[in-house]
Amino acid sequence: MMSGPALSSPCPCALELEDIDFSYATRFNGINGALYKDFSLRIEPGSIVTIMGASGAGKSTLGRIMAGILIPQKGIVRRSPDFTRPSDLVYVDQHPMNGVFPWQTVLENVRYPLEKLNWEGPRRRDRICYLMTLFRLSALSDVYPAQLSGGELQRLALSRCLSWKPKLVILDEPFSALDGKVKAEITSALHELALKDRMTLVLITHNVSDALALGMRCVIIARRPVQVMSDLDFHLGFPREENTPDYDAMQQALINGIRDGLV
Amino acid sequence: MDWLRRNWRAWSFVGGLIAVWAIVAALRLVDPIVLPAPWNVARAVPGMLRERLLADIAWTLGRVLAALVVACVFGIPAGLFLGYRQRAYKVVEGPLHALRSVPASALFPLFLILVGVGETSIVALAAYPSLLVVMVNAVSGAALANQNRLYQARLLNLNSLHMVFDVLFYEALPSIFDGIRTAVSYSLLLVVAVEMFIGLGERGLGRAIYLYQSSYRIPETYGAIMIAGMIGILLNWVVTKLQHHMLRWLPNVREEQ
């Protein structure tokens, strides 16, 4: 799963990208110009980092490189020595249908990963119950994903991918299909899970309020090849209250950061 | 009779065809030896049933089902494994497509030598192209599987067996059903043809059709042919029902559009 030499030095971080080069080679018109060139980023364990950028900036690509789905042409993706199993690092796709099994009901979808990862019966049942309640899926136990609304599907994808307590989760646009009230519920659910299960979260979004809802640190990327335009730390408590001076200040900082990136 | 009402157009068309047949027969536009009247065919059926028809239907159906079971039991896992391990598939792809191109009917003498005279050779012959088509469809179904979902499945550290039967099987199921439909056509065709021209115990619908025709019992011949057709319709209906049940979770693409 690693590109480049295996861990040469112990990595105190959760994830580190070092001098990554990446581009999509297209068959239509040759190499599409380098997307990532000598790009570096470091994610500290236990943090909640938001990767922000305009649509098409390359955020999903970055998420996939971090997850090991895409292999960079150059550079090292270093992962914490804590990550011993493939299930420790999860990438949750933007399209929730890619994160669920359509042939299983909602309940089976949440149960299957836990069964396959050898969670014992009582512990498994408790975890399923907890997740179904947290993500408000209990009433939908016997429904198939094709019958779910976009928001319900997104909640299912999230609850499924987080069920086995992965150590690092990369969420690509997790709130895109959710409205304000549901979003607030899911945000607090995610925060609760992150704290309880000591997860490191990487959120990818282009929505400012999504970034402000959960993140402790925000990395704004833009330009080709991709560069980090700003790297902001938040000092807001949780839950985030809109229309407070601190919140507005951070919101403005973010908006400025994005605007600089577009220029 | 709800299904009659719902498909009244289709039934009217069928009724219309029978009406044309009746008119042609009544007006004696065609020699009755060549085209018997529909009522004569209908009158012949009870006699056929009493004679041997039920046993014939059972034998033909049994052989067809045996061939389909062999095709699915061996073709689906083989196809899914090959679709999953594309490297292995590339190795066998050429010979596989070559085998598919040989008409199965031409191979029957070979099967007789290899497998021997008897039920096994009929079933083997019918199973041969059926297995190939189910396997090739399973391969393409597995190759077209949603890669993002396979990534999610791989995170769970599944062994190959679970990967293939819990995940790839369902991803490939629509393709596999297309293969099964085609396999039904092949099986019925080959079983009836072998029964007609080889014999092998004088049993089966193909044999019945041949014997009735060679003794110039034309209404019975037509009756047996139509019943063979109905067997085909029945098998297709069963496959469709099975498909609707096993694929009930499939997102309706048309709705999304």
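**Entry 1. Helix pair in chain B**

I looked first at how two helices of chain B cross, and recorded that α3(B) passes α6(B) in a right-handed crossing (the near helix is turned clockwise from the far one by less than a right angle; anticlockwise would be left-handed). I note that this is a predicted model, in which local features need pLDDT of at least 70 and side-chain atom pairs count only at pLDDT 80 or more, while totals for chains, interfaces and linings use all residues. Residues are numbered from 1 along each chain as its sequence is written, and chains are lettered from A and ligands numbered from 1 in the order in which they are written.

I found that α3 (38–84) and α6 (119–143) of chain B pack with axes 6 Å apart, at an angle of about 30 degrees. Axes are lines fitted to C-alpha atoms, for helices over the stretch in contact, and angles run from 0 to 180 degrees between N-to-C directions. I therefore entered α3(B) as roughly parallel to α6(B) (angles under 35 degrees). By class, I listed 25 nonpolar, 6 polar and 2 charged residues in their contact. Here Ala, Val, Leu, Ile, Met, Phe, Trp, Tyr, Cys and Pro count as nonpolar, Asp, Glu, Lys and Arg as charged, and the others, Gly among them, as polar.

**Entry 2. Sheet in chain A**

I traced an open, antiparallel sheet of 3 strands in chain A, ordered β4-β1-β6. Helices (H or I, at least four residues) and strands (E, at least two) are DSSP runs, numbered from the N terminus, and two strands pair if DSSP finds at least two bridges between them. The edge strands are β4 (36–43) and β6 (74–79) of chain A, each pairing on one side only. I read an average turn of 10 degrees between neighbouring strands, direction ignored.

I noted 5 bridges between β1 (15–22) and β6 of chain A; A:Glu16 has A:Arg78 in β6(A) as its bridge partner. Helix α1 (59–67) of chain A packs on the sheet and touches β1 and β6 of chain A (contact: C-beta atoms, placed from the backbone, within 7 Å). Its direction makes about 120 degrees with that of β1(A).

**Entry 3. Burial of α1(A)**

I checked α1(A) and found 9 of its 9 residues buried (20 or more other C-beta atoms within 10 Å of the residue's own, C-beta atoms being placed from the backbone). Among them are A:Lys59 and A:Arg64. Just after α1(A), A:Gly68 takes a positive phi of about 90 degrees.

**Entry 4. Contact between the chains**

I recorded 16 residues from chain B and 16 residues from chain A in the contact. On the side of chain B that touches chain A, α7 (147–155) and α8 (160–197) of chain B each give two or more residues. The largest share, 6 residues, comes from α7(B).

How values were computed: Two residues are in contact if their C-beta atoms, placed from the backbone, lie within 7 Å. A residue is buried if 20 or more other C-beta atoms lie within 10 Å of its own, exposed if 12 or fewer, and partly exposed in between; C-beta atoms are placed from the backbone. Angles under 35 degrees count as roughly parallel, over 145 as roughly antiparallel, 65 to 115 as roughly perpendicular and the rest as oblique.
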